[in-house]
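Open your viewer and get ready to pick out a few side chains. We will go from rings to charges to a pocket.

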Amino acid sequence: MKKTIAALLSAAMLALILTACGSSPVILPEDGVAEGKQGDTMRTYFFDYTVNSAYTCSKYEGYIPSPGYDLLVAEVTVKNTFGESITMFDWDFLVLFDDDTQEEDVYDYPITSYEDVEIPADALATLLPTQYDLANDESRSGLLLFEVPAGETHFTISYIESFDDDTTGDMFYVDIDAPHK
């Protein structure tokens, strides 16, 4: 009987350990910066966000990028943890990438933030809106679409906390590898 109980307890402990290993970690900032990877949950002052998946392609739902560029398609989930409704913008998130001609990383906003870009309706249906409200504890998933240098597959999606008094808070970086499809 004691061996049976011990075996059941051991099995239960093993199941808990395996479950914990399978969940994505929550990344909190240290000294103003939080760095994670695809699948990690980043905990900001206002919301949690996870870059679930990403890939690059030459065309998305009829949208073709500028010459010399591919499209980075990143699926993101955002969950409001602020305690009240918040307004989100797709341009809250930036993509950073290497540029051999520059000394620093280059960044860009999602294509939906460009005023002069015409995006086909089929593409718009799958993208996070340019602006949207999230109620307290509400989650929303969708795609962010960026133009990135053709052939690149390693990127960083970043977010910087911004407050109503025009100050900034912590910086969040999610490294992703985005295979070409």
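The tour below takes a few stops, each with a selection to make.

**Stop 1: a ring pair.** Keep in mind that this is a predicted model. Start by selecting Tyr 49 and Tyr 159. How do their rings meet? The ring centres are 6.4 Å apart and the planes make an angle of 70°, so the pair is edge-to-face, since planes over 60 degrees apart count as such. Colour the strands next: Tyr 49 belongs to β4 (residues 47–57), while Tyr 159 belongs to β11 (residues 154–162). The pair thus links distant parts of the chain, 110 residues apart. Turn on a surface and you will find both Tyr 49 and Tyr 159 buried.

**Stop 2: the cluster around them.** Add Phe 47, Phe 93 and Phe 172 to your selection; together with Tyr 49 and Tyr 159 they form one aromatic cluster. Across the model, the count of aromatic pairs is 14.

**Stop 3: charges over rings.** Now select Arg 140 and Tyr 132. The charged end of Arg 140 sits over the Tyr 132 ring, 5.1 Å from its centre. Then move to Tyr 55, where Lys 181 lies over the face of the ring at 4.6 Å from the ring centre.

**Stop 4: the largest pocket.** Return to Tyr 159 and add Asp 92, Ile 160, Ser 162 and Phe 163: of the 18 residues that line the largest pocket, these five lie nearest its centre. The space inside comes to about 500 Å³. Which kinds of residue make up the lining? There are 13 nonpolar, 3 polar and 2 charged residues. To finish, highlight β6 (86–89) and β11, each of which supplies at least two residues of this lining.

Technical notes. Residues are numbered from 1 along each chain as its sequence is written. This is a predicted model: local features need pLDDT of at least 70, side-chain atom pairs count only at pLDDT 80 or more; totals for chains, interfaces and linings use all residues. Side-chain values use heavy atoms; hydrogens and water are left out. Rings of Phe, Tyr and Trp (its six-membered ring) pair if their centres lie within 6.5 Å; planes under 30 degrees apart count as stacked, over 60 as edge-to-face and the rest as tilted. Helices (H or I, at least four residues) and strands (E, at least two) are DSSP runs, numbered from the N terminus. Buried means under 20% relative accessible area, exposed over 50%, partly exposed in between (1.4 Å probe, protein chains only). A charge sits over a ring if NZ of Lys or CZ of Arg is within 6 Å of the ring centre and within 35 degrees of the ring normal. On a 1 Å grid over the protein atoms alone, a cavity is a set of points where a 1.4 Å probe fits but cannot get out, and a pocket is an open set with protein on both sides within 12 Å along at least five of seven lines; lining residues have an atom within 4 Å of a point. Grid points are joined across faces, edges and corners, and a volume is the space filled by probe spheres set on the points. Ala, Val, Leu, Ile, Met, Phe, Trp, Tyr, Cys and Pro count as nonpolar, Asp, Glu, Lys and Arg as charged, and the others, Gly among them, as polar.
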